[in-house]
Amino acid sequence: MTTLYHAPMSRSSSVLALIDELGADIEVRTVSIRRADGTGAPDAANPHPEGRVPYLVDGDEHLRERGAIILYLTDKFPEAKLAPKVGEPGRGAYLTWLSYYQGIMEPVFIMTMLDQVTPESTKAYGSFDDMIAALDAALQKGPYLLGEQFSAADLLCSSPFHWMSHMIPDNPRIQDWVKRCGERPSVAKVAAAEMAGMAEA
């Protein structure tokens, strides 16, 4: 049995939406995590070495980091057509966007949000505006990052804008893309369920 360790309203929410998109039979185990505001705590039931989420266990395979998990799952369930297969056109762009999110987008988002951008960090990762320009350049070729076809790269790269909507730039192309991705039934369902869970807590 493939198992995802998940905490609501966290990085793993986009993986939960991906599982829905894939139509995959994956067990989801909800665990607690330490939150940025100091609440919560690591969960002994979570096998992640650092007590974080998402964490995927598939037999002897243990994966962490969303880019790796998303690549693994879209390769495991190719019939969902959420990623180009090896050898298909667009495979390189797909891998690039998964890596770009992990290596550039998330650090830039966090440093910008915390007002911790420095000349050194900008040299290393580029600016927030640079990141937006990269997304905009890709979206000029189609409604999604790979062109006409929605992929798991869109799910991942649009995810921070859904939780930090104040950081959506004044760029109609980006705004439309974020809205389009957020209206996917899978994304909307996960967001609604987690917001409802918060209201009940």
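## Exercises on a predicted model

Strand 3 and strand 4 run antiparallel and are joined by four bridges. This is a predicted model, so let's work through it step by step.

**Exercise 1.** Work out which strands stand at the edges of the sheet.

*Solution.* Start with the order: this open sheet of four strands reads 2-1-3-4, with mixed pairing. Now look at the ends of that order. Strand 2 and strand 4 (61-64) each have a single partner strand, so one side of each has no neighbour in the sheet. As for twist, neighbouring strands here are turned by 20° against each other on average, ignoring direction. If you want a spot to look at, find V57, which stands opposite H62 in strand 4.

**Exercise 2.** Find which strands helix 1 and helix 2 lie across.

*Solution.* Take helix 1 (residues 13-22) to begin with: it lies across strand 1 (2-6) and strand 2, at about 145° to strand 1. Helix 2 lies across strand 1, strand 3 and strand 4, and runs at about 130° to strand 4.

**Exercise 3.** Decide whether helix 2 and helix 3 are roughly parallel or roughly antiparallel.

*Solution.* Get the angle: the axes of helix 2 (residues 66-76) and helix 3 (residues 91-113) cross at roughly 160° and come within 9 Å. Angles over 145 degrees count as roughly antiparallel, so that's what these two helices are. The crossing is right-handed.

**Exercise 4.** Is I33 buried or exposed?

*Solution.* Locate I33 in the loop between strand 2 (27-30) and strand 3 (55-58). Its relative accessibility is 11%, and buried means under 20%, so I33 counts as buried. Its contacts include A7, S10 and V53.

Definitions and conventions: Residues are numbered from 1 along each chain as its sequence is written. This is a predicted model: local features need pLDDT of at least 70, side-chain atom pairs count only at pLDDT 80 or more; totals for chains, interfaces and linings use all residues. Side-chain values use heavy atoms; hydrogens and water are left out. Axes are lines fitted to C-alpha atoms, for helices over the stretch in contact, and angles run from 0 to 180 degrees between N-to-C directions. Angles under 35 degrees count as roughly parallel, over 145 as roughly antiparallel, 65 to 115 as roughly perpendicular and the rest as oblique. A crossing is left-handed if the near helix is turned anticlockwise from the far one by less than a right angle, and right-handed if clockwise. Buried means under 20% relative accessible area, exposed over 50%, partly exposed in between (1.4 Å probe, protein chains only). Contact means heavy atoms within 4.5 Å. Two strands pair if DSSP finds at least two bridges between them. Lists of a residue's contacts leave out its neighbours within four places in sequence.
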